[in-house]
Structures are given as structure tokens and as C-alpha cells.
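Work through the exercises below with the model open. Try each task before reading its solution.

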Amino acid sequence: MSTLPRVTEADVDRLAEQVGLRIDPTDRPDVAAALAVLLGAAQLVMEFPLPEDVHPAPVFRP
Amino acid sequence: MSDAAMADGAAMTAEAIAADVRSRRRSARDVAAAALERIAQRDRGLNCFTLVRRDDALSEAAKLDARIAAGADPGPLAGVPFAAKNLFDVAGVTTVAGAKIEAEGAPATRDATAVAALRRAGAILVGVTNMDEYAYGFSTENTHHGPTRNPHDPTRIAGGSSGGSAAAVAAGLVPLSLGTDTNGSIRVPAALCGIFGFKPTFGRVSRAGVFPLASSFDHVGPFARSVADLALTFDAIQGPDPTDQVCAERQAEPCVVELQRGVAGVRIAVAGGHFSALASAESLDAVARVAAALDVTTRVTLPEAHRARAAAMIITAVEAADLHLSDLRMRAKDFDPMTRPRLLATALVPAAAYAHAQRFRAWYRARVAEVFRDVDVLLAPTTPYPAPPIGAPSTTTVDGVLVSTRSHLGVFTQPLSFIGLPVISVPVVTPCALPLGVQLVAAPFRESALFRVAAKLEADGVAAAPVVSRPPD
């Protein structure tokens, strides 16, 4: 947990506005903490290089 | 088990109850009445149930008795009382999903496929159970309904999100129940409550009529206090279902018949690496004892399992956001304060992370398939520590590292459900200590190997789930 990204309440407000969410001021610290955990996970996933031929799409068969 | 537990049938297995009811040694109505009495006596202290179907259960049991008297086959689970997480549709009951918002909805008009299957097999649904709101948690500390208490220590959580279903089985209120598992929501409460919990292969059991959390990972499965009951329940609910788009077309492969086969020829290994770090000594010791009982010395590593867990978190978050964004915009205050900040955060995750997580999933699935070329069953801890206290601080320290008390409960379950692997969590017997579980993990659609190993551990006394008859304080 010590390496989690820093997320401020202002960050939460800015991102929330982009998806049409209005977050109550009393919730902002907890949302920032939860978002830091998710962004830490996102960073761990994104930094892993994947070959171009790895596809998430399902396979269709007749 | 205590004399009291024996006397009122609390300790009876589903298998024994069904044998009694089928042979008319005991009526299904008497069995249902006894279960309802246990619930009336003990559930005020445990808070497993959000709704008890007292009159309907008694009426349905009486009808079953009449069918048996008329010579009809009542099914393999004849007269067995069971409970379902309040995430499953039950005709005439509102699917609340632990949420105030859903409590406003109309009652379901038909049963979820898995509930209907158990009823066709003769089981009697006595009620629906408590859970984390929208199944997004590992603790069942639900603010709307109150926390479910662990029968082994009522000051502690039952685990989640299927906490009510697990605690009801552990306390002997019912011999079986249904739960769902997206990231560990069957396995975590099974381990913390000291019972068997089974998450079948993704697609093996229909999810039709089940409120979703994250479609990529949502699974349905049973809880029980014996391996035979777990297998009986699984056999009743597994198989294709055209009303569930992701249910596999693969035919059912019964597992009750596997229980006497033993483990000869089953290749077993301990999962190391990620699965041996950031856990209490007791959790790792439980794995060591299971490995010793099975004479297992081989260790294998699932590559990048820590990253698999992170990817599972991202995919779950984004798919949950897709489901709940509208309500989060319109009525955030109606969400449980235990889930609201985390659900609000799900809507703010960058889209590229989701796409990369899904691609990583394809890569990881291929790497784990390579491991299963040489191994049939893996052993791993279910949770990193026993049940924390209800209302515990949000962080705790494991091995000198600060972790989130509740979300870290899924550290060993998430990398497995991430790729749909079948897993049984077996309760490892430790006298005078809080329960812990060990995961038995197989390749997709290889559930039979899991049941063979679980049956061996139960027969040898390494895994057991005695009824907790202690009344809550």
C-alpha cells in the first residue's frame, strides 16, 4: 500500500465531472482512497508488456 | 458436535436428511419445522437471514410429503432445507442484493435456475441470506441489514460477500446454501466460517436469475458441511442453460460418483510465490498440513499471479460501474456507506486499464494452462488470516506490510476466479482456533479431481466442518 498513487479530492472532483457524477464532499476522502487502490492496480496491469497478438475478443465458431 | 445439535437435526447432513425423508422415517415438514425453529432461536444473534419463508417452506414440505406418500420420486435432496443468498431470484421474493435501492423492486416472478434446480431435486428453500451490498465486498458488514456474525466468534465477520449463506451452514441452521463468487465471495466466507465452499468452473452452473456484479467473473456455487453434500448440490445445479448466455454447453459431469475413487494418480502441488507471501503463519501452516496429509512436496508458481489479482480488481470495478453508474449519479446517498465510496471510485478508472486487463487475462490463462499440463490439483491458502473483528480498522499489517483489512481477504482467491478455475475451499481442522480454509484448484472443467482430493482430506480427518452450536453472546 505504500506505493499507491496519490489521489487528491480535487482529482476525484475533476474525474467525476467527466462521467457526470457529483460526489458529496463528505465522501471525497474515502473515494480518493478507494481510487488510489484502483489506480495502483491499474498501474500494475498497464506496466506489463503484452505481445500484440494477445487478444481479449471472444472466438466465434460456426 | 453437541447433544443439542444432534437432537434437533442441526448436525445432520443433507445426504442423511434426504435418506430419512425418502424412506419416510421423517417427514419433510418436520425437517423444515426444525430448521425454522433453529433459525428462530439463533438467527437474531447471527443475522444470516434477510427473509425467512416460514409458511411457504412448511407448505412446500407438506406437499413433498404428500408426493412421497403417493409413490413419486422426491429427488436426491428430498426435504433438505436450504438457503440462498438474497442475490438469487426467488419467485415471490424481492431480490434485494443487500441494497436499499433494490428493496424497492417488485418480487421476482420466477426462481433463478440454480434455485429451481435444487427445488426440483426436492430441497426446501427456508429463506434468503445477508450479503455485502451488490456483492461488492468480503465482509458482510451490511449497513442496511446489519452485519452477519461469525458463528465461531460473534464479534467477528463471517466473510463475504455470501456471508449469510456461509454462517447459516456453519451454525447448523441449514445443511446447505447457495452463494455467488466473483472474486472469492464463496471461498472467503467458507474459510472464515469453517465449512466447505465450492466455486465451479466459469460457465459450469447457470447464473440466470442472479443479480450480477461483474459478468466476466460471476459464478454460482454451494456451501455445505460435508464433501458429499457439496457434490450432491453441485450435481443438482450443474449443466447447460440456454437462458444464461455464458453457461457452457458442456453436459453435466456428476461428481458424487468420484468421492470413493481416492487420489491415486492425481498429481498435486503447492502453489508458491504469490500464494505464500503476505499471509499469517496460521494460513500457511494450514496449507502445509494439507500438503503433508497428501504427501505433497512439489511446488509450482503461477506466473504474475499478483498482477492477475490487480487485473481482476480493474475488470470487476469497471463492470460494476457499468451496472451502477445511473444510480450513483441519481441517488448515491441510498448506497451502503460501506460500499458507496468504493463503487463511486469504480466509475473513475481509466478505460485503457480495463482493455489491458482483459488482454492480460488471455495471456495469464494460457500460462496457467501450461502449469496444469503437469499438475491436476493445486493447494493454496484461501484467506491470508482468520476472520477479523466486525468494524475492524481499514488497514492491518501482515509480515510488516500495511494492507487493506477487508480487500486483502481476496488476495489468494482473485487470481483464480480471474480465469474461471474450479476451486473447493476445504475447512482445515485446528482445535481451539478460528477456522481457516485451503483452496483446492484444478484446470477448467476438472471438478472431479477436486472432489476426490476433498473426500480424501475429509476421510482422513484433515478437513471437517462440525456444527458450531455455541449460542451467540
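**Exercise 1. Backbone outliers**

Is B:Asp295 buried or exposed?

Solution. The model is predicted: local features need pLDDT of at least 70, side-chain atom pairs count only at pLDDT 80 or more, and totals for chains, interfaces and linings use all residues. Residues are numbered from 1 along each chain as its sequence is written, chains are lettered from A and ligands numbered from 1 in the order in which they are written, and side-chain values use heavy atoms, with hydrogens and water left out.

Step 1. B:Asp295 is exposed, with a relative accessible area of 67%. Buried means under 20% relative accessible area, exposed over 50%, and partly exposed in between (1.4 Å probe, protein chains only).

Step 2. Check the backbone. B:Asp295 is not a glycine, yet has a positive phi of about 60°. Most residues other than glycine have a negative phi, and most peptide bonds are trans.

Step 3. Place the residue. B:Asp295 sits in the loop between helix H10 (281–293) and S12 of chain B. Helices (H or I, at least four residues) and strands (E, at least two) are DSSP runs, numbered from the N terminus.

Step 4. Look for another case. B:Arg24 is not a glycine either, and its phi is positive, near 65°. B:Arg24 lies in the loop between helix H2 (14–22) and helix H3 (28–46) of chain B. B:Arg24 is exposed, with a relative accessible area of 55%.

Step 5. Turn to omega. The peptide bond from B:Gly160 to B:Ser161 is cis, with omega near 10°. B:Ser161 belongs to the loop between S7 and helix H7 (163–170) of chain B.

**Exercise 2. The sheet**

Trace the open sheet of chain B and find its edges.

Solution. Step 1. Write the order. The open sheet has 11 strands, S1-S3-S2-S8-S10-S9-S16-S17-S13-S11-S12 (chain B), with mixed pairing. Two strands pair if DSSP finds at least two bridges between them.

Step 2. Find the edges. Strand S1 (49–52) and strand S12 (299–300) of chain B each have a single partner strand, so one side of each has no neighbour in the sheet.

Step 3. Follow S2(B), residues 81–85. S2(B) pairs with S3(B), residues 124–129, in the parallel sense over five bridges. There B:Ala83 is the bridge partner of B:Gly127. S2(B) also pairs with S8(B), residues 176–181, parallel over three bridges. Here B:Ala84 partners B:Leu178.

Step 4. Check the side chains of S2(B). In a regular strand the side chains alternate between the two faces of the sheet. B:Pro81, B:Ala83 and B:Lys85 point one way, B:Phe82 and B:Ala84 the other, and all are buried.

Step 5. Contrast the sense. S9(B), residues 196–199, and S16(B), residues 423–428, pair antiparallel over three bridges. B:Phe198 stands opposite B:Ile424 in S16(B).

**Exercise 3. The core**

Which residues have the most contacts inside the largest nonpolar core?

Solution. Step 1. They are B:Tyr364, B:Leu379, B:Phe418 and B:Phe451, in a core of 169 residues. A nonpolar core is a set of buried Ala, Val, Leu, Ile, Met, Phe, Trp, Tyr and Cys residues joined through side-chain atoms within 4.5 Å.

Step 2. Name the main contributor. Helix H11 (residues 305–331) of chain B gives the most to this core, with 13 residues.

Step 3. List partners. Beyond its neighbours within four places in sequence, B:Tyr364 is in contact (heavy atoms within 4.5 Å) with residues including B:Leu302, B:Ala308, B:Phe418 and B:Ile419.

Step 4. Separate the rest. A second, separate core of nine residues includes B:Leu192, B:Val398, B:Val403 and B:Leu409.

**Exercise 4. Empty space**

Which residues are closest to the centre of the largest pocket?

Solution. Step 1. Size the pocket. The largest pocket holds about 1600 Å³ of space. On a 1 Å grid over the protein atoms alone, a pocket is an open set of points with protein on both sides within 12 Å along at least five of seven lines, a cavity is a set where a 1.4 Å probe fits but cannot get out, and lining residues have an atom within 4 Å of a point. Grid points are joined across faces, edges and corners, and a volume is the space filled by probe spheres set on the points.

Step 2. Of 50 lining residues, A:Val37, B:Arg309, B:Met313, B:Ser404 and B:Ser407 are the closest to the centre.

Step 3. Assign the lining. H2(A), residues 28–46, supplies at least two residues, as do H11, H12 (340–346) and S15 (401–404) of chain B. H2(A) gives the most, with nine residues.

Step 4. Count cavities. Two reach 30 Å³ or more. The largest cavity has a volume of about 40 Å³. Its lining includes B:Pro200, B:Phe202, B:Asp218 and B:His219.
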